[in-house]
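Trainee: Please take one part of this model and go through it closely with me. I would like to know where it sits and what surrounds it.

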Amino acid sequence: MTNHEAATIPYTHWMYFSDRSAAERCAAELEPLDFLCGVDFSPPLTAEELVEFHSEYPALANLPDAPQHGDWLLRAARSVEIDGMIARHGMVEAIVARHGGFYDGGESGWLDLRTGEAIHQEDER
């Protein structure tokens, strides 16, 4: 990498909305900014799913319940420069707030276009 090239990483932002139309309006605003967006229905875990989750991850069983932020998950992914990452978080968070959503941060990685699941940098795909 030369001095003129900025280091970039794949990055996916996570946002929650109470209704699908708000999530889709937010995605429509993010897409022209070169984000690959996907909206999915993501209801809270059922009692049975919660028991299964706690049996698989017992260290998490005693944590308080997370607040519900809405059942519609919007993930927006793109390659980003590492420098200025906090400013970009602020930009995405402001867009999400304008559409009435909850911004839940992000993580390095891409979305698998076939499954919609996150692909982390350590994954071998």
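Mentor: His13 has a relative accessibility of 2%, and because buried means under 20%, His13 counts as buried. Keep in mind that this is a predicted model. His13 belongs to strand S1, which covers residues 8-17. The side chain of His13 makes a polar contact of 2.6 Å with the side chain of Tyr103. Leaving aside residues up to four places away in sequence, His13 touches Phe35, Leu74, Arg75, Ala76, His89, Val92, Tyr103, Gly105 and Gly106. Tyr103 therefore appears both as a contact and as the polar partner of His13, within the 3.5 Å cut-off for such pairs.

One of these neighbours, Phe35, leads on to a charged residue. Arg78 lies over the face of the Phe35 ring, 5.4 Å from the ring centre.

For contrast, look at Leu45. This residue is in the loop between strand S2 (36-41) and helix H2 (47-56). Its relative accessibility is 48%, so Leu45 counts as partly exposed. With residues up to four places away in sequence left out, Leu45 touches Leu50 and Phe53.

Phe53 brings us to the aromatic pairs, of which there are two. In one of them, Phe53 and Tyr57 have ring centres 5.1 Å apart and planes at 45°, a tilted arrangement. Phe53 is partly exposed, at 30% relative accessible area. Tyr57 is also partly exposed, with 40% relative accessibility.

How values were computed: Residues numbered from 1 in each chain as written. Predicted model: local features only at pLDDT ≥ 70, side-chain atom pairs only at ≥ 80, totals over all residues. Heavy atoms only, no water. Phe/Tyr/Trp six-rings, centres within 6.5 Å; stacked < 30°, edge-to-face > 60°. Buried < 20%, exposed > 50% of the residue type's maximum accessible area, 1.4 Å probe, protein only. Lys NZ or Arg CZ within 6 Å of the ring centre and 35° of its normal. Helix = DSSP H or I, 4+ residues; strand = E, 2+ residues; numbered from the N terminus. Polar contact = N/O pair within 3.5 Å; in protein donor to acceptor, adjacent residues only side chain to side chain. Contact = heavy atoms within 4.5 Å.
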